[in-house]
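Please walk through this protein with its sequence and its model side by side. The paragraphs below move from one region to the next.

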Amino acid sequence: ERSLYKNTCGLCGVAIITVYAKERGFTVYCNSCFFSDKWEAGEYAREYDFSKPFFQQFIELQKAIPQSALLQLNCVDSLWVNYETDSKNCYLNIGGAFNQDSAYNQYNLKTTDSFDNFWMFVGDFCYNNILCENGYQLTSSIYCFDCRNTHFSFDCKNCSNIIGCSGLRNKQYCIFNKQVTKEEYELFAGENLNGSLAKRKALFERARDFWRSMPQRATYIER
């Protein structure tokens with residue numbers, strides 16, 4: 001689902017991007033042609049040949065009958081997304097729905113201006129997160145819910161303005177689980193979240209070491 005190839009629509013001849021490589025021999029239609037009335041699947045019906053193996057005939061039928069270039073529905077200006085529905089202005093998203101102005105995500109739902117996330121449900125301005133939900137300006141965090149302005153944190157819920165934290169609930173202005181003043185937090189954030197890739201990498205390594213030092217739940221099962 002994440003490997004895309006250049007190909008040509010077998011009906012209208014337009015250049016397309018598809019999950020089917022040309023050398024695989026599949027008949028591929030662009031989405032406009034695939035969902036049109038210009039062809040009928042019944043036209044490709046054939047009698048079963050008992051002298052040939054079933055799977056040989058099955059793959060021959062699969063290659064003959066047109067396949068949709070990408071699995072997407074109701075997407076606007078999002079030609080390179082796959083397994084995606086109802087999204088707008090998205091690029092290389094896989095397996096999501098109701099996203100806008102987002103890219104390089106997998107299994108995102110209802111996100112805006114979000115990038116490089118895996119399994120992000122409902123978020124705005126989110127980047128590089130895994131298994132998070134209801135986030136705003138959430139970055140490089142894992143398993144965080146209902147958080148805003150949260151960075152490099154793990155298993156936090158209903159928190160805001162935290163950096164490098166683990167296991168917090170209903171907290172704000174914390175750095176590595178230590179309560180700080182608003183001024184101290186803003187000073188630390190200004191020095192470390194200033195767009196420097198080197199500082200982000202260093203902070204992530206420090207945060208990951210801190211997560212490992214903290215007690216963690218054996219399993220993550222929610223009722």
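What follows takes up the sheet, then the pocket, the cysteines and two unusual backbone angles.

This is a predicted model, in which local features need pLDDT of at least 70 and side-chain atom pairs count only at pLDDT 80 or more, while totals for chains, interfaces and linings use all residues. Residues are numbered from 1 along each chain as its sequence is written, and side-chain values use heavy atoms, with hydrogens and water left out.

A good place to begin is the open sheet of 7 strands, whose order is E7-E8-E9-E10-E11-E12-E13 and whose pairing is mixed. Its edges are formed by strand E7 (106-112) and strand E13 (178-179), each of which pairs on one side only. Strands here are DSSP runs of type E with at least two residues, helices are runs of H or I with at least four, and both are numbered from the N terminus; two strands pair if DSSP finds at least two bridges between them.

Within this sheet, strand E10 (residues 145-151) can be followed on both sides. Strand E9 (residues 130-139) pairs with E10 in the parallel sense over 5 bridges, and E10 in turn pairs with strand E11 (residues 160-163), also in the parallel sense, over 3 bridges. Arg148 of E10 is the bridge partner of Tyr136, and Arg148 also stands opposite Ser160 in E11, while His151 stands opposite Ile163 in E11. E10 is mostly covered, with 5 of its 7 residues buried, where buried means under 20% relative accessible area, exposed means over 50%, and partly exposed lies in between (1.4 Å probe, protein chains only). In a regular strand, side chains alternate between the two faces of the sheet.

Helix H3 (residues 182-192) lies across E10, E11 and strand E12 (172-175), and runs at about 55° to E12. That angle is taken between N-to-C directions on a scale from 0 to 180 degrees, with axes fitted as lines to C-alpha atoms, for helices over the stretch in contact, and contact means heavy atoms within 4.5 Å.

Turning to empty space, the largest pocket has a volume of about 330 Å³. A pocket is an open set of points on a 1 Å grid over the protein atoms alone, where a 1.4 Å probe fits and protein lies on both sides within 12 Å along at least five of seven lines; lining residues have an atom within 4 Å of a point. The volume is the space filled by probe spheres set on the points, which are joined across faces, edges and corners. Of the 18 lining residues, Cys30, Asn31, Leu70, Gln72 and Leu79 lie nearest the centre of the pocket. Strand E2 (15-18), helix H1 (31-34) and strand E5 (72-73) are the elements that give two or more residues to this lining, and E2 provides the largest share, 3 residues.

How many disulfides does the structure hold? There are 0, a disulfide being a pair of cysteine sulfur atoms within 2.5 Å. The sulfur of Cys33 has its closest cysteine sulfur in Cys30, at 3.5 Å, which is too far for a bond; Cys33 is buried, at 3% relative accessibility. Cys174 is likewise unbonded, because its closest cysteine sulfur, in Cys165, is 5.3 Å away, and Cys174 is buried at 2%.

Finally, two backbone angles deserve a look. Asn89, in the loop between strand E6 (84-85) and E7, has a positive phi of about 55° although it is not a glycine, and is partly exposed at 31% relative accessible area. Tyr107, in strand E7, has a positive phi near 60° and is partly exposed at 25%.
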